[in-house]
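Got the viewer open? Here's a walk through the model, one selection at a time.

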Amino acid sequence: MSTRQHTALPKARILIEALPWLTRHHGKTIVIKFGGNAMVDDALKAAFAQDVVFLRHAGLKPVVVHGGGPQITAQLDRHGLVSEFRAGLRVTTPEAMDVVRMVLAGQVQRELVGLLNRHGPFAVGLTGEDAHTITATKHLPRIDGEPVDIGRVGEITEMDTGAVEALLADGRIPVVSSIARSADDGHVYNVNADTAAAALAAALKAETLMVLTDVEGLYEDWPNSDDVISRLTASELEKLLPDLASGMVPKMQGCLHAVRGGVTTARVIDGRVPHSILLEIFTDEGIGTMVVPDDPGTTDAP
Ligand SMILES: Nc1ncnc2c1ncn2[C@@H]1O[C@H](COP(=O)(O)OP(=O)(O)O)[C@@H](O)[C@H]1O
Ligand SMILES: CC(=O)N[C@@H](CCC(=O)OP(=O)(O)O)C(=O)O
């Protein structure tokens, strides 16, 4: 064997390691939530776009749902508007809602669509308002047992996957902003992006929900970051939920909602690791935290 063949062999092994995973995921829908905190670095954003386009070329059907919390906060600051969170959700006045919509649909979504479309005419941006994709009603979270008005924050009541499915059937990559239309009062609502991604994954009966964030996964003993929980069942997660700190709450609630809604696995992974999506989908290692149904069947092996 020549030296060149020798050095090429490990690359072939890596490709072959992916083969059973390629077979298993072929044709499957994967909803990927890209969080604002994972979007800090241009190189990481470009790697994210490469991964998503790679999935599409590998025969999967990726759907991106994006957040943009830090970007919204920065823009509100520029407008002299303060950001207040209650129960992990942004208190959203009508003026703040205009900014949320402008930042998510006009800035963050456009940037992601642009990055994806460097690789071909694939990404199409929409918000939950488009084609009734996400319908919500006013959310009144209970704080100390009492319902509290936090403004234009929506609780999802209905999903219509028609537009997303039509785009997928056309070989496109839908990029969805977490804004909902209202069925009753004509307003638009701000929806937490983890919640929107989970609802879309369940409505699409996606195989996988993948939530990218700025930690390795769900830490067992937060704020201690020694141990990441690598795998847990829906029931195990349900027991943990009341003790989780905000930030992780909508993510883990979303993972639970997704697997209970028929999604095969929901994963929280570290968006700070370049190409974390490919590592998670196509290699034997797997990173982050995986939530599986109580009767998971064969969710962790190809
Ligand atoms: N048990 C936990 N494990 C990991 N992170 C946790 C945990 N509890 C709270 N967190 C916090 O949740 C944050 C992730 O949520 P968030 O800031 O909303 O991210 P994103 O913008 O990606 O949605 C982490 O950076 C961490 O500070
Ligand atoms: C109601 C509510 O809190 N909505 C979020 C929507 C964006 C989001 O969820 O962004 P990340 O995924 O980056 O956190 C917000 O206004 O920040």
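Start by selecting Ala47, which is partly exposed because 19 other C-beta atoms lie within 10 Å, while 20 or more would make a residue buried. Bear in mind as you look that this is a predicted model. Ala47 sits in helix 2. Leaving aside residues up to four places away in sequence, Ala47 touches Pro274 and His275. Now add Pro94 to the selection: Ala47 and Pro94 are 47 residues apart in sequence, and their C-alpha atoms are 35 Å apart in space.

Next, widen the view to the whole of helix 2, residues 42-57. This helix has 16 residues and reaches 23 Å from its first C-alpha to its last, close to the 22 Å expected at 1.5 Å a residue. Which residues of helix 2 are buried? Colour Phe48, Ala49, Asp51, Val52, Val53, Leu55 and Arg56, and you have them. To see what covers those buried residues, switch on strand 1 (29-34), strand 2 (61-66), helix 4 (94-116), strand 10 (173-177) and helix 9 (276-282), which are included in the cover. Then step past the end of the helix to Gly59, which follows helix 2 and has a positive phi, near 95 degrees.

On to a sheet. Show strands 9, 6, 11 and 12 in that order: they form an open sheet of four strands with mixed pairing. Strand 9 (154-159) and strand 12 (188-190) are the edge strands, each pairing on one side only. Ignoring direction, neighbouring strands of this sheet are turned by 50 degrees against each other on average. Zoom in on strand 6 (residues 134-138) and strand 9, which run antiparallel and are joined by five bridges. Pick out Thr137 there, and you'll find it opposite Glu155 in strand 9.

Keep the sheet on and bring in its helices. Helix 4 packs on the sheet, touching strand 11 (179-182) and strand 12, and its direction makes about 75 degrees with that of strand 12. Helix 6 (residues 193-204) packs on the sheet too, touching strand 6 and strand 9, with its direction at about 15 degrees to that of strand 9.

Now hide that lot and select strand 17 (residues 265-270). Five of its six residues are buried, so strand 17 is largely enclosed by the rest of the structure. Strand 13 (residues 208-213) runs parallel to strand 17, and six bridges join the two. Strand 18 (residues 289-292) pairs with strand 17 in the antiparallel sense, over three bridges. Arg267 is a handy residue to click here: Met210 stands opposite Arg267, and in strand 18 the bridge partner of Arg267 is Met290.

Time for the ligands. Select ligand 1 and the 17 residues around it; Gly35, Asn37, Thr213, Trp222 and Gly247 come nearest. Colour that shell by class and you get eight nonpolar, seven polar and two charged residues.

Last stop, ligand 2. Which of the 15 residues around ligand 2 come nearest? They are Gly36, Gly67, Gly69, Arg90 and Ala193. The elements giving two or more residues to this shell are helix 3 (69-78) and strand 4 (89-90). By class, the shell around ligand 2 divides into five nonpolar, nine polar and one charged.

Key
Residues are numbered from 1 along each chain as its sequence is written. Chains are lettered from A and ligands numbered from 1 in the order in which they are written. This is a predicted model: local features need pLDDT of at least 70, side-chain atom pairs count only at pLDDT 80 or more; totals for chains, interfaces and linings use all residues. A residue is near a molecule or strand if its C-beta atom, placed from the backbone, lies within 6 Å of it. Ala, Val, Leu, Ile, Met, Phe, Trp, Tyr, Cys and Pro count as nonpolar, Asp, Glu, Lys and Arg as charged, and the others, Gly among them, as polar. The expected span of a helix is 1.5 Å times one less than its number of residues. A residue is buried if 20 or more other C-beta atoms lie within 10 Å of its own, exposed if 12 or fewer, and partly exposed in between; C-beta atoms are placed from the backbone. Two residues are in contact if their C-beta atoms, placed from the backbone, lie within 7 Å. Two strands pair if DSSP finds at least two bridges between them. Axes are lines fitted to C-alpha atoms, for helices over the stretch in contact, and angles run from 0 to 180 degrees between N-to-C directions.
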